Amino acid sequence: MKRALIALNVAIVVVTIMAMPSCKNQKDTEADVLYQQIVSAYENEAYETALMLIDSLHRTYVTRVDVRRCADTIAWRIDLLNTKEQIPIVDSLLEQRCQEAEVMAKNFKYEKNEQYQDLGDYEHQRLLTANNLGRTYLHARTNEHGEFSITAQHVGKAINMRSITVTVDDVPVSSEQLGEESYNAFAPDGSSTRENLLLNANAAGDIPQFVADNYTGKNKVNVTLHGDSDFSFVMTSNDVAAFVETYRLSLLLKEIHQLQMQKETNAKKLVLLQEHLQEL
């Protein structure tokens, strides 16, 4: 009985060892079959399918470096085709958006201090700081990359502003609560204080989009400045219109900046992919 069990165990080991090469060959064959499916998808312009199969090949057959390299070549060719298709689309859209921004920017003043500013700012003609030093209002601006900001200005008894709330049709939306680094106060004549609270796009939160979406030209926009005490006022229709125009210009400038970055990326990618394929 003992000899029989030993003989049986030896037989199992031998069979297992003999089966191992055939399993490896089968796996290699499966990788080759999958690669042929990739080639077929590519030749039939089913590029998304080809890329999905390439990803599967990389994950499943890690040791088949030769087949994976061939698959990568196909992936580069697909990427090259997509990049060539994107270039004229991006160029056309960029030209269109620049023309739209040029028209919209006619109501704005562009300023840039070369000594400390990398990007210039667009301020609506109605909201220029120099023309509004003596009143309480919201001063919206955007830089040339579409980064929107609000400066809440309060003139009168100091309240030490830390946040604002904008209400349209009885629906309030509030900014973040800010610290001293965003706050400035001046007492130019000794009798009143001019306070400024700077809110960048993150701090302003949903306020710009909320006003742009809900202001009709007839409804009121109420602003409450929060600090040691609160101060509320109603924005003039001209102020709201300028605020909304500034926000919409910021969205347009942001899209232009993204398109410009996409154009640069496409140009670099085109050169890189062509170099890769020429080296093969």
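A crossing of two helices is called left-handed if the near helix is turned anticlockwise from the far one by less than a right angle. I begin there because the handedness of a crossing comes up twice in what follows, and the definition I am using is exactly that one: anticlockwise for left-handed, clockwise for right-handed. Please also keep in mind throughout that what we have in front of us is a predicted model.

Let me start with helix 3, which runs over residues 65-104 and so has 40 residues in the DSSP assignment. From its first C-alpha to its last, helix 3 reaches 55 Å, which is close to the 58 Å expected at 1.5 Å a residue. A good number of positions along helix 3 are buried, among them Val 67, Ala 71, Ile 74, Ile 78, Leu 80, Val 90 and Leu 94. That list is not restricted to residues of this kind, since Thr 73, Thr 83 and Arg 97 in helix 3 are buried as well.

Now to the partners of helix 3, taking helix 6 to begin with. Helix 6 covers residues 237-278, and its axis comes within 8 Å of the axis of helix 3, the two crossing at roughly 150°. With the cut-off for roughly antiparallel set at over 145 degrees, that angle makes helix 3 roughly antiparallel to helix 6. As for the handedness, the crossing of helix 3 and helix 6 is left-handed. If we sort the residues in this contact by class, we find 17 nonpolar, eight polar and eleven charged residues.

Helix 2, residues 47-60, is another neighbour to consider. Helix 2 and helix 3 pack at an angle of about 150°, with their axes 10 Å apart, and that makes helix 2 roughly antiparallel to helix 3. Here too the word from my opening applies, in that helix 2 passes helix 3 in a left-handed crossing.

Let me move on to the charged side chains. Side chains of opposite charge can pair when their charged atoms come close. How many salt bridges does the structure hold? There are ten salt bridges in the structure, and I will go through three of them with some care.

Consider the pair of Arg 64 and Asp 32, whose side chains meet in a salt bridge at 3.1 Å, N to O. This pair links distant parts of the chain, given that Arg 64 sits in the loop between helix 2 and helix 3, whereas Asp 32 belongs to helix 1, residues 2-43, and the two are 32 residues apart. Is Arg 64 buried or exposed? Arg 64 has a relative accessible area of 12%, and because buried means under 20%, Arg 64 is buried. Asp 32, on the other hand, counts as partly exposed at 34% relative accessibility. The pair also does not stand alone, for Asp 32, Arg 64 and Asp 66 are linked in a network of salt bridges.

While we are at Asp 32, I would point to Arg 68, which is found in helix 3 and counts as partly exposed at 23% relative accessibility. The C-alpha atoms of Arg 68 and Asp 32 are separated by 10.0 Å, although these residues are 36 apart along the chain.

The next pair lies within helix 2, where Asp 55 forms a salt bridge with Arg 59, the closest N and O atoms being 3.0 Å apart. Because Asp 55 and Arg 59 are four residues apart in helix 2, about one helical turn separates them. Asp 55 is partly exposed, with a relative accessible area of 40%, and Arg 59 is exposed, at 56%.

Back in helix 3, the side chains of Arg 97 and Glu 100 meet in a salt bridge at 3.2 Å, N to O. Arg 97 and Glu 100 are three residues apart in helix 3, about one turn of the helix. Arg 97 is buried, with a relative accessible area of 17%, whereas Glu 100 is partly exposed at 32%.

Finally, a word on the backbone in two loops. Which phi does Glu 45 take? Phi of Glu 45 is near 60°, a positive value in a residue other than glycine; Glu 45 lies in the loop between helix 1 and helix 2 and counts as exposed at 59% relative accessibility. Asp 170, with phi near 65°, likewise has a positive value in a residue other than glycine. Asp 170 has its place in the loop between strand 5, residues 163-168, and strand 6, residues 171-174, and at 75% relative accessibility Asp 170 counts as exposed.

Conventions
Residues are numbered from 1 along each chain as its sequence is written. This is a predicted model: local features need pLDDT of at least 70, side-chain atom pairs count only at pLDDT 80 or more; totals for chains, interfaces and linings use all residues. Side-chain values use heavy atoms; hydrogens and water are left out. The expected span of a helix is 1.5 Å times one less than its number of residues. Buried means under 20% relative accessible area, exposed over 50%, partly exposed in between (1.4 Å probe, protein chains only). Axes are lines fitted to C-alpha atoms, for helices over the stretch in contact, and angles run from 0 to 180 degrees between N-to-C directions. Angles under 35 degrees count as roughly parallel, over 145 as roughly antiparallel, 65 to 115 as roughly perpendicular and the rest as oblique. Ala, Val, Leu, Ile, Met, Phe, Trp, Tyr, Cys and Pro count as nonpolar, Asp, Glu, Lys and Arg as charged, and the others, Gly among them, as polar. A salt bridge is a side-chain nitrogen of Lys or Arg within 4 Å of a carboxyl oxygen of Asp or Glu.
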